[in-house]
Amino acid sequence: MPSPLWPYATPGIPDDLFERLPGIPMSPREVRLLILSSLRLKVDSVLWDIGAGTGTISVEAGLLCPKGQIIAIERDEEVANLIRRNCDRFSVDNVEVIEGSAPDCLSTLKQAPDRVCIEGGRSIKAILNATWQQLEPQGRIVATAATLEGLYQVSESFAELQVRQIEVVQSAVNRLEKRGLNQTFASIDPIFVLSGEKLD
């Protein structure tokens, strides 16, 4: 379901094509590709994107899953409207934006997911527990961690929930940037991407 702004079948939309707000985090393209590959989306997947931020994962997933449904969950009204604008920019019409705070709002969602992406949240363990209860059998869950504390909490939760086929990847990406007359490589902040499956 290509859009006029991104008329390609492959993911990896350049960061500068998205509208942004100061201080609102955005998954850089290279990290986004890791997350999307870990999700193993199907054409009709139902994805919960929790802590959707700028909406980059929701937009890309919406394009990759033309018969699917993407639920973008964001607690801040202004940021939720940013997600809606980014969906409009890419002509994505299968993303529903829910304004609410996870895990409290999750019980009100009507469609159970077969894919879950958790990109943030103050109570990451509570969010993981709540989403695991709703996740369909054979579903996949992906969570990111930018700190050692976050990595520990996600890892501990995965063990407690008996997540199977666990994979952990840490990004180490450098981009070529122009600085004055020279070109140099600038690193993108590393992030851990943890994923696994619910087998029953």
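Here are some worked exercises on the predicted model shown above.

**Exercise 1: Read the sheet**

Work out in what order the strands of the open sheet lie, and which strands are at its edges.

*Solution.*
Step 1. Start by laying out the sheet: seven strands line up as β3-β2-β1-β4-β5-β9-β6, with mixed pairing.
Step 2. Now look for strands that pair on one side only; these are β3 (95-99) and β6 (164-170), the edge strands.
Step 3. Check the twist from one strand to the next, and you get an average of 15°.
Step 4. Zoom in on one pair: β1 (residues 46-50) and β2 (residues 69-74) run in the parallel sense and share five bridges. Within that pair, Ile-50 sits opposite Ile-73 of β2.

**Exercise 2: Put helices on the sheet**

Find out which strands α1 touches, and which strands α4 lies across.

*Solution.*
Step 1. Take α1. This helix packs on the sheet and touches β1, β4 (115-118), β5 (140-145), β6 and β9 (192-197).
Step 2. Compare directions: α1 makes an angle of about 155° with β5.
Step 3. Do the same for α4 (residues 124-134), which lies across β1, β4, β5 and β9. Against β4, helix α4 runs at about 170°.

**Exercise 3: Look inside α1**

Which residues of α1 are buried, and what do the buried residues pack against?

*Solution.*
Step 1. Recall that buried means under 20% relative accessible area.
Step 2. Go along the helix with that cut-off, and you pick out Glu-30, Val-31, Arg-32, Ile-35, Leu-36, Ser-38 and Leu-39.
Step 3. A bit of background helps here: an α-helix has 3.6 residues a turn, so residues three or four places apart point the same way.
Step 4. Follow the buried residues of α1 to their neighbours: β1, α2, β4, β5, β7 (174-179) and β9.
Step 5. Step just past the end of the helix. Arg-40 follows α1 and has a positive phi, near 50°.

**Exercise 4: Compare two helix pairs**

Decide whether α1 and α2 are parallel or oblique, then do the same for α4 and α5.

*Solution.*
Step 1. For α1 and α2 (residues 56-64), the axes come within 11 Å and cross at roughly 50°.
Step 2. That angle makes α1 oblique to α2, and the crossing is right-handed.
Step 3. See who meets whom: Arg-32, Ile-35 and Leu-36 from α1 meet Thr-56, Ile-57, Glu-60, Ala-61 and Leu-64 from α2.
Step 4. Turn to α4 and α5 (residues 148-161), where the axes come within 9 Å and the crossing angle is roughly 30°.
Step 5. Angles under 35 degrees count as roughly parallel, and α4 and α5 are therefore roughly parallel to each other. Helix α4 passes α5 in a right-handed crossing.
Step 6. On the α4 side, the contact includes Leu-128 and Trp-132; on the α5 side, Val-154, Phe-158 and Leu-161 are among the residues involved.

**Exercise 5: Follow the charges around Arg-40**

Which side chains meet Arg-40 in salt bridges, and where do the partners lie?

*Solution.*
Step 1. Remember the idea: side chains of opposite charge can pair when their charged atoms come close.
Step 2. One partner is Glu-167, at 3.0 Å from N to O. Glu-167 belongs to strand β6 and Arg-40 to the loop between α1 and β1, so this pair ties together parts that are 127 residues apart in sequence.
Step 3. Check exposure: Glu-167 is partly exposed at 35%, and Arg-40 is partly exposed at 39%.
Step 4. Another partner is Glu-197, at 3.5 Å from N to O. Glu-197 is in strand β9, so its pairing with Arg-40 ties together parts 157 residues apart in sequence.
Step 5. With 18% relative accessibility, Glu-197 counts as buried.

**Exercise 6: Count and connect**

How many salt bridges are there, and which residues do shared partners join into one network?

*Solution.*
Step 1. The count comes to 13 salt bridges.
Step 2. Try one of them: Arg-179 and Glu-177 meet at 3.4 Å, N to O. Arg-179 is partly exposed at 49%, and Glu-177 is partly exposed at 34%.
Step 3. Now look for shared partners, and you find Asp-15, Glu-30, Arg-32, Glu-60 and Arg-175 joined into one network.

**Exercise 7: A residue before α1**

Is Ser-3 buried or exposed, and which residues does Ser-3 touch?

*Solution.*
Step 1. Locate Ser-3 in the segment before α1 (29-39).
Step 2. Its relative accessibility is 3%, so Ser-3 counts as buried.
Step 3. Leaving out residues up to four places away in sequence, Ser-3 touches Leu-63, Phe-90 and Ser-91.

Definitions and conventions
Residues are numbered from 1 along each chain as its sequence is written. This is a predicted model: local features need pLDDT of at least 70, side-chain atom pairs count only at pLDDT 80 or more; totals for chains, interfaces and linings use all residues. Side-chain values use heavy atoms; hydrogens and water are left out. Helices (H or I, at least four residues) and strands (E, at least two) are DSSP runs, numbered from the N terminus. Buried means under 20% relative accessible area, exposed over 50%, partly exposed in between (1.4 Å probe, protein chains only). Contact means heavy atoms within 4.5 Å. Two strands pair if DSSP finds at least two bridges between them. Axes are lines fitted to C-alpha atoms, for helices over the stretch in contact, and angles run from 0 to 180 degrees between N-to-C directions. A salt bridge is a side-chain nitrogen of Lys or Arg within 4 Å of a carboxyl oxygen of Asp or Glu. Angles under 35 degrees count as roughly parallel, over 145 as roughly antiparallel, 65 to 115 as roughly perpendicular and the rest as oblique. A crossing is left-handed if the near helix is turned anticlockwise from the far one by less than a right angle, and right-handed if clockwise.
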